[in-house]
Amino acid sequence: MVRDKEATKRKLLDAATTEFATYGIAGARVDRIAKNAGANKALIYAYFCSKEYLFETVVQEQVDAAIKAVPITPDDLPGYAGRLFDRYQEHPEVLRLMGWLRLENGFDAAPEAEVRAHADKVAAIREAQRAGSVPDHFDAEELLSLVLHLSFLSFSSPAATRDLVVRSVARLTGT
């Protein structure tokens, strides 16, 4: 039987995403990941070298997907916040993974792609502020932080929370 390396890696990454989102790095078990992927445990080490590198790969993949799926729209920060909220509702594993990353590695831990994307978003907001399309009563870094944190809200019903996120960011930006 010929093994499809890429399909096996995909199954391992999918199983690892669920495992790490549920248990974090320390609580995740390579045996469970392999079993849930229908793969041999040795393949995890062959493809990813370690459980920690597998976790880093999963987080990086999820961050890249989120950045690509929800590009910033500095002239419509309320809409951006709403789309982020929707993404987190559809993919709650992203917030769980980021929570585990920061809990187990420190609150400054962030994948490289997230750091670059954050800097790009701050620059886009700063430019929109210079152009006058976004108010400057908050520094661009502060405003992005508020928008991002509001998009994480999760209480009441998702529809009510999304509306609160969008209205709050609209109020912050005067739109």
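How many salt bridges does the count come to? In this predicted model, the count comes to 10 salt bridges. A few of them are worth walking through, along with the aromatic pairs and one lysine that does without a charged partner.

Start with E19 and R32, whose side chains meet in a salt bridge at 2.7 Å, N to O. This pair links distant parts of the chain, with E19 in helix α1 and R32 in helix α2 (residues 30-37), 13 residues apart. The two ends sit in different surroundings as far as accessibility goes: E19 has 4% relative accessibility and so counts as buried, while R32, at 30%, is partly exposed.

Helix α7 (residues 112-131) offers a local example. Here the side chains of R116 and E112 meet in a salt bridge of 2.8 Å, N to O. Both residues belong to helix α7 and are four residues apart, or about one turn of the helix. R116 is partly exposed at 44% relative accessibility, and E112 is exposed, with a relative accessible area of 58%. Another salt bridge involving this helix runs between D139 and R126, with the closest N and O atoms 3.9 Å apart. That pair links distant parts of the chain: D139 is in the loop between α7 and α8 (140-151), R126 is in helix α7, and 13 residues separate them. D139 is partly exposed, with a relative accessible area of 38%, and R126 likewise counts as partly exposed, at 31%. As for salt bridges that share partners, R10, D14 and E61 are joined by them into one network.

On the aromatic side, the count comes to three pairs. In one of these, F20 and F55 have ring centres 5.0 Å apart and planes at 80 degrees, which makes the pair edge-to-face, since planes over 60 degrees apart count as such. F20 lies in helix α1 (residues 5-27) and F55 in helix α4, so the pair ties together parts that are 35 residues apart in sequence. F20 is buried, at 0% relative accessibility, and F55 is buried too, at 1%. Y47 and F48 also form an edge-to-face aromatic pair, 6.5 Å centre to centre with 90 degrees between the planes. Y47 and F48 are both buried.

What, then, does a buried lysine do without a salt bridge? K51 is found in helix α4 (residues 51-69). K51 is buried yet has no salt bridge, and the nearest side chain of opposite charge, that of E52, is 5.4 Å away. With a salt-bridge cut-off of 4 Å, that distance of 5.4 Å falls outside. The K51 side chain does reach the backbone oxygen of A28, at 2.9 Å. Leaving aside residues up to four places away in sequence, K51 touches F20, I25, A26, A28, R29, V30 and Y45. One of these, F20, is the ring already described as paired with F55.

Residues 29-48 carry the feature "DNA-binding region" in UniProt, from an unreviewed entry. Over that stretch the chain is 80% helix and 0% strand, and its end C-alpha atoms are 14 Å apart.

Finally, L103 is placed in helix α6 (residues 92-105). With 60% relative accessibility, L103 counts as exposed. L103 and G24 are 79 residues apart in sequence, but 8.9 Å apart in space, C-alpha to C-alpha.

Definitions and conventions. Residues numbered from 1 in each chain as written. Predicted model: local features only at pLDDT ≥ 70, side-chain atom pairs only at ≥ 80, totals over all residues. Heavy atoms only, no water. UniProt positions renumbered as here; feature names shortened; annotations may be inferred. Helix = DSSP H or I, 4+ residues; strand = E, 2+ residues; numbered from the N terminus. Buried < 20%, exposed > 50% of the residue type's maximum accessible area, 1.4 Å probe, protein only. Lys, Arg positive; Asp, Glu negative; His and termini not counted. Polar contact = N/O pair within 3.5 Å; in protein donor to acceptor, adjacent residues only side chain to side chain. Contact = heavy atoms within 4.5 Å. Phe/Tyr/Trp six-rings, centres within 6.5 Å; stacked < 30°, edge-to-face > 60°.
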